[in-house]
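Here is a walk through a structure, from whole chains down to single residues. Keep the view open while you read.

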Amino acid sequence: MTDPAITPELVQKHNLTPEEYEKLKAVLGRVPTYTELGIFSVMWSEHCSYKNTRPLLKTFPTQSPRILVGAGEENAGILDIGDGLAIAFKIESHNHPSAVEPFQGAATGVGGIVRDIFTMGARPVCAANSLRFGPITAAGEPGPAVANNRRLFGGVVAGIAHYGNCFGIPTVAGEIYFDPSYEGNPLVNAFCLGVLRHGQIVRGHARGVGNPVFYVGPATGRDGLAGAAFASQDLTAESAEQQRGAVQVGDPFMEKLVCEACLELLATGAVAGIQDMGAAGLTCSTCETAARAGTGIEIELDKVPQRAPGMTSYEIMLSESQERMLIIVHRGREAEVKRIFDKWDLPWAEIGVVTDTGRMVVRHHGQVVADIPARKIADESPVYERVAREPEYLQAVRAFCLDGVPDTTNPAAHLLALLAWPTIASKNWVYRQYDHMVRNNSVVGPGSDAAVLRIKEDSVPAPPNAASALRPVPEKFIALSVDGNGAYVYLDPYEGSKIVVAEAARNLACTGAMPLGATDNLNFGNPHNPELFWQLKESVRGLADACRAFNAPVTGGNCSLYNQHPNGPIDPTPTVAMVGLIENPEHITTQWFKDEGDVILLLGELVDTSDPLLGLGGSAYLQLIHGMKNGTPPRCDLAREKELHLALRALIHSGVVKSAHDCSEGGLAVALAEGCISQSVARATPRLIGAQVDLTPLTEAPGRDGIRLDALLFGETQGRILISVDAVNAAKVLAQARILGVPTARLGTVGGDALRLQVPGAELNCPVRDLHDRWWNAIAEAMH
Amino acid sequence: MNFAVLQFPGSNCDQDVVHALRHVLGHSVELRWHKEASLGAADAVVVPGGFSYGDYLRTGAIARFSPVMEAVRQFAAAGGLVLGICNGFQILCEAGLLPGALIRNRSLQFRCEHIFLKTSTPDSPFTNRIPPDKLLRLPIAHGEGCYYADADTLARLKANHQILWRYVNAQGEITADANPNGALDHIAGICNEGRNVAGLMPHPERASEPILGSTDGRLILESMIAALASRPTAAG
C-alpha cells in the first residue's frame, strides 16, 4: 500500500494551517511522511496541544501547599489530603463524539477520564458529570428538534450508566441544563476522582534507557481514528456524518480488568512509567512519555495487537481504540507484567524500547514510518494569542430593563412551573440509572447540594502484600460539587464565571466542607471568532479570580472549543468540579429540612442591596416565564461570598445546623420548596415536610418597600444560604452569624404539609405533595 | 466465621462484601479468584455483585463455567451456605443452584435506589434473625433483576416457602409501584429446596453501617452467622 502524496489539500484536511505545516517541516528538517503528518495533526490539535488556550490557562492559580502533582504536568493533578493520602481528579469533555453517537460518545468519555485517574496510580472511587442538551419539553406538540434532544439526552445518560455501572464506580454528583443553545451540540463533561498514598504516585515518563515498552489491553482497530482532531473543529451536520468513524466504542468490562491489572502491577514496583492511550492513542502516549522523560522511544508496529487485517501505520498510530495502556517496565522485570496480565486474561505485547536519542521512531514492515524529535512535537506546538473583541450583543444585554416585564401575578403557579422546568426539576430519572452506591462510600449521594464520599482502607490501591507495614487508612470525607451556568456566562462572561466557582464553593460549604481544589472544563465556541474568544478570555479571568478567592487551585482540566450548532455557537459554558474535605463526619450536612418546629434562617442578603432587580437578569424565571435570556446577571462579591462560607462552616462545626441549602436557579422560593421535598427515603417514598415562611417583615426594611414579587421570590441574588436549626438554638445562631459578619434573617419554621409563603400582597399555599410530584416527575414525563 | 467471597473478572461488589463481613461484622474473609478450584476452609460462600464477564452473552452465563463454581456446587451439595447478591444471584440461577432466571428490568433501565423488603419466612439460614414484621430498607442496583420462573416452578417455590423476600412499599404492602423491576410475584430473593443456597437482588452489604443510611442488611448477614454458629460442624 502506498501512502498518498503530501499536498496542500491533504495538509488542510489534517486541520494544519500552511504556517503550521512550515513549522512542522522545520521541526523535522524535511517533508513529513503520511504517518508523520497524521501524528502532527493530532498532537497539534487544540485537544492535545491547547494551542489557542495555553496563554489563558497560565493565568489560573495552580499552587497550594497541598499540590503534589500540578496542572498540566501529568494526566491529572494530585492533592494531599493528609495522613499520607492523596486524591487525583480531573474533568474532561466528550462533546463532539456524544453529538454523533450519544451512547458510545458518553460511555467512552467516562472510560477516558477513569483511565486518566488510574494512570496516576490512584484507585478510581467516584465519578460525576456535567451535561447540557437542547430543550426536552415543548409548549405544544414536540417537533423533531425536541425529539432529537431527548434522543441525545437519553443516549448520553444510558452511556454513562453503562460504562460507570459496569466498571463499578459510583456516579455520585452532577448537573444538567437544557437550553436551545446546546441543540445539536450537547456538552458531556465527565469527572473522576481517585485515591492513593503519596508513595503510590506514578508518572507518565519513559524513564530508563533500554527499558522495554509494553502495550497492554485490547487490540487496536480502526475505530476512533483521529478523534482528537475531530474534537478540534466546528461541529457541523456534514462533519458529524463524516466523522462517525471517529467515535470510539467502549468496553467497561475491559477497562475494569485493565485497571485492576495495572494497579496490581504498579504495586510490584516493576513499572518505570505508565500512560493511557487516550486522545491520539499510541501517538500521544509514546510521544508524551518520551518528551517528559527527555528520552527517546522506538516502537515496532508489527508487534501491536491488531483487530483488523491490513491496518496501515497511519491507522495504527492514530487509532483511538479504547482501554489501552502503554507501560514502560524496568528491564529484567518483564515476567511480572506477563504474569499479572495473563492472570487477568488481558492481551499484552512488548512493542519497543526507551532510547537516548530524544526521538520517537516508529517502524512498520521493516521501514521507518516516523522519526520525530519527541520533545519538540510535544512541547513546541504552535501557540496562538487570538484576537478578542467584546461581542456586540452585550450592549443590548446591558441596556435591558425590567420595566417592560410585568411582575408575577400568580407566584404559586410560577413556582410549580419552575420546579417542573427540566433544568431545575429533580434529576432522579438520571441518577437512578447510575449506580451511585457501589464501593460502600456514598454518604451523601446525588440530590443534595454536594455529594459526600467516604475514603476508607479499600479506597487506596492495595499494597504489594497484605503483611506490609503501611499505616492503616483513617476514614476521611470528601465533598464534591459540579457547577456551571451558561446563561450567566453568556450575559456576563467575567461575572458569570465567578458565580460558577462561587456556587461550587458554596455547595461544598453547605455540606460542611472546605475547598481543596478545582478542575475546570472550558466549553466554548470557535476561538478564531474574536467575539467568542473574548468570552473565553473573560471567563478564564473570572474563574481564576474566584478560584484564588476560595483558595481552590486549578489542578487540571480540559478545553473543548469549536462547540457550534446549526444556528450559532453554544452559550459559553465553563464547568467547574470542586473538591473539598470534611474533617469530622458529624459535620456532614444535607439540604433538606429535618424536623417540625425547626427555624429557617437566611444567611446573606434577601436581595441585592444595590438593586433588588439584579437577581432577575439571566434567571431561570425570566427564561421560563417570559422566554427571555437577557439582562445583567447577578453580581458576585467574592470577599462577602467567602465570609459567608466561613460563617456557615463555623456554624456547622458548632453543631447547630440541621440543614443547609444554597439559593441558586429559581431563587428563594425554589430553594425553600427543595428544602421541603428533596429528601428521598426509598423508591416512591419521599420524606415531605412543610414550612411556614413570612417574608413580609423583611420587605419593610429601608430600600425594600415596593419590591417586586418576582425579584423577591425568584431572583437569583448570589451569596444566600438557607439553613434550619433547632428552635432553641435560633437566637444563638442569629447572634453568632451577626458576629461572623453575615446578614442573617429568620424566615419561618419547618412543619405542616404545605409550603406557606407570605409576601406583601400575596400568600402562597402549596401542598408539599404537589410541589414534590411536579418536581420529581417532570423529566420522566418528558422522556416517556 | 470464615467466609469465601468469589472474585470473577468484572466482579465489583467483592470489596464491599469483604468490608461488611470483615470490618463491620468482624469475621474472617478470603477472596477466591475464579480460576481456583477450591474454597479452602470456608464456612460459607458469598457470590458478590458486579458485571462478571461484562454481562456478555447473558448475566452470569459465562461465570458459571469458572473453575471455582464447581467447588461451589460441591460445597452446596454438602449443605454449605451460599449467598448470591445481585450478579451473584444471577450466577447461581445460571449455575442451576437456584431455580428461575433474572431478566431485563421491565423499565428497560438500570435502577439504583433504596427499596423495602418484606421477609416471607424466618425459617432459613438467611432470615432467622429478621424480626417478623421488620421491613428491610436496602439498596438495589441492577439492570436485569426481574425475577422470572415458569408456573410450576413458582408453585413449588411457594409450596416449599422458598420465597424469602418480596418488594413492598413503606407500609409493607405489595403494590405495583413498590416493585422496581417487574419481578414475578414481587420476588426479590429466594432459596433452594435445601434452604442452604439463597440469592437476592438487593445489596445487604451496602446497608450495614449507620453512615450509609441503613443497617438493615446486617440482619441477613447476621442470620447466616447465627446459622453457622448453631451448626455442630462446618459444612464441606
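**From chains to residues**

Of the 784 residues of chain A, 67% count as buried. Keep in mind that this is a predicted model.

Stay with chain A for its overall build. Its secondary structure comes to 28 helices and 30 strands. The C-alpha atoms fill a box of roughly 85 × 60 × 45 Å along the principal axes. The radius of gyration of chain A is 26 Å, which agrees with the value near 28 Å that a compact globule of 784 residues would have.

Contacts tell how chain A is connected. Take those between residues at least 6 apart in sequence: 85% of them join residues at least 24 apart. Then look at the outside. Chain A exposes about 25,200 Å², and carbon and sulfur atoms supply 51% of that area. Chain A also has 66 positive and 87 negative charges. The mean positions of these two sets are 4 Å apart.

Now pick out one helix. Helix 24 of chain A covers residues 667–677. It is mostly covered, with 11 of its 11 residues buried. Among them are Leu668(A), Val670(A), Leu672(A) and Ile677(A). The buried list also includes Glu674(A) and Cys676(A). Two glycines, Gly667(A) and Gly675(A), are on it as well. In general, an α-helix has 3.6 residues a turn, so residues three or four places apart point the same way.

Next, go to a strand. Strand 18 of chain A spans residues 554–560, and Asn558(A) is found there. Is Asn558(A) buried or exposed? Its relative accessibility is 3%, so Asn558(A) counts as buried. Which side chains form polar contacts with it? The side chain of Ser93(A) is joined to that of Asn558(A) by a polar contact of 2.6 Å. A polar contact of 3.3 Å links the side chains of Asn558(A) and Asn521(A). Leave aside residues up to four places away in sequence, and Asn558(A) touches a set that includes His47(A), Tyr50(A), Ile91(A) and Glu92(A). Asp520(A) and Leu522(A) are also among the residues that Asn558(A) touches.

The loop between helix 21 (530–549) and strand 18 of chain A holds Ala552(A). Ala552(A) has a relative accessible area of 0%, so this residue is buried. Its C-alpha atom is separated by 8.9 Å from that of Gln63(A), and the two residues are 489 residues apart along the chain. Beyond the residues up to four places away in sequence, Ala552(A) touches Pro515(A), Leu516(A), Gly517(A), Ala518(A), Cys547(A) and Met578(A).

Move to chain B. It has 5 helices and 11 strands. Its radius of gyration is 16 Å, close to the 18 Å that the globule rule gives for 236 residues, so chain B is as compact as a globular protein of that length. The C-alpha atoms of chain B fill a box of roughly 45 × 40 × 35 Å along the principal axes. Buried residues make up 64% of the 236 residues in chain B.

Contacts and surface can be read for this chain too. In chain B, 77% of the contacts between residues at least 6 apart in sequence join residues at least 24 apart. The accessible surface of chain B is about 8,300 Å², and 51% of it belongs to carbon and sulfur atoms. The chain has 20 positive and 22 negative charges, with mean positions 1 Å apart.

Helix 1 of chain B runs over residues 14–24 and includes Ala20(B). At 0% relative accessibility, Ala20(B) counts as buried. Its C-alpha atom and that of Ala207(B) are separated by 8.8 Å, with their places 187 residues apart along the chain. Neighbours within four places aside, Ala20(B) is in contact with Leu25(B), Glu205(B), Ser208(B) and Leu221(B).

Finish with two backbone angles. Most residues other than glycine have a negative phi. Cys86(B) is not a glycine, yet its phi is positive, at about 60°. This residue is in the loop between strand 4 (81–85) and helix 3 (87–94) of chain B. With a relative accessible area of 6%, Cys86(B) is buried. Asp185(B) has a positive phi of about 55° and is not a glycine either. Its place is in the loop between strand 9 (163–168) and strand 10 (187–191) of chain B. Asp185(B) is partly exposed, with a relative accessible area of 26%.

Technical notes: Residues are numbered from 1 along each chain as its sequence is written. Chains are lettered from A and ligands numbered from 1 in the order in which they are written. This is a predicted model: local features need pLDDT of at least 70, side-chain atom pairs count only at pLDDT 80 or more; totals for chains, interfaces and linings use all residues. Side-chain values use heavy atoms; hydrogens and water are left out. Helices (H or I, at least four residues) and strands (E, at least two) are DSSP runs, numbered from the N terminus. Buried means under 20% relative accessible area, exposed over 50%, partly exposed in between (1.4 Å probe, protein chains only). A polar contact is a pair of N or O atoms within 3.5 Å; within protein, one must be able to donate a hydrogen and the other to accept it, and residues adjacent in sequence count only if both atoms are side-chain atoms. Contact means heavy atoms within 4.5 Å. The radius of gyration is taken over C-alpha atoms; the globule rule is 2.2 Å times the number of residues to the power 0.38. Accessible areas come from the Shrake-Rupley method with a 1.4 Å probe; for residues, only the protein chains shown count as cover. Lys and Arg count as positive and Asp and Glu as negative; His and the chain ends are not counted. The place of a charge is taken as NZ of Lys, CZ of Arg, CG of Asp or CD of Glu.
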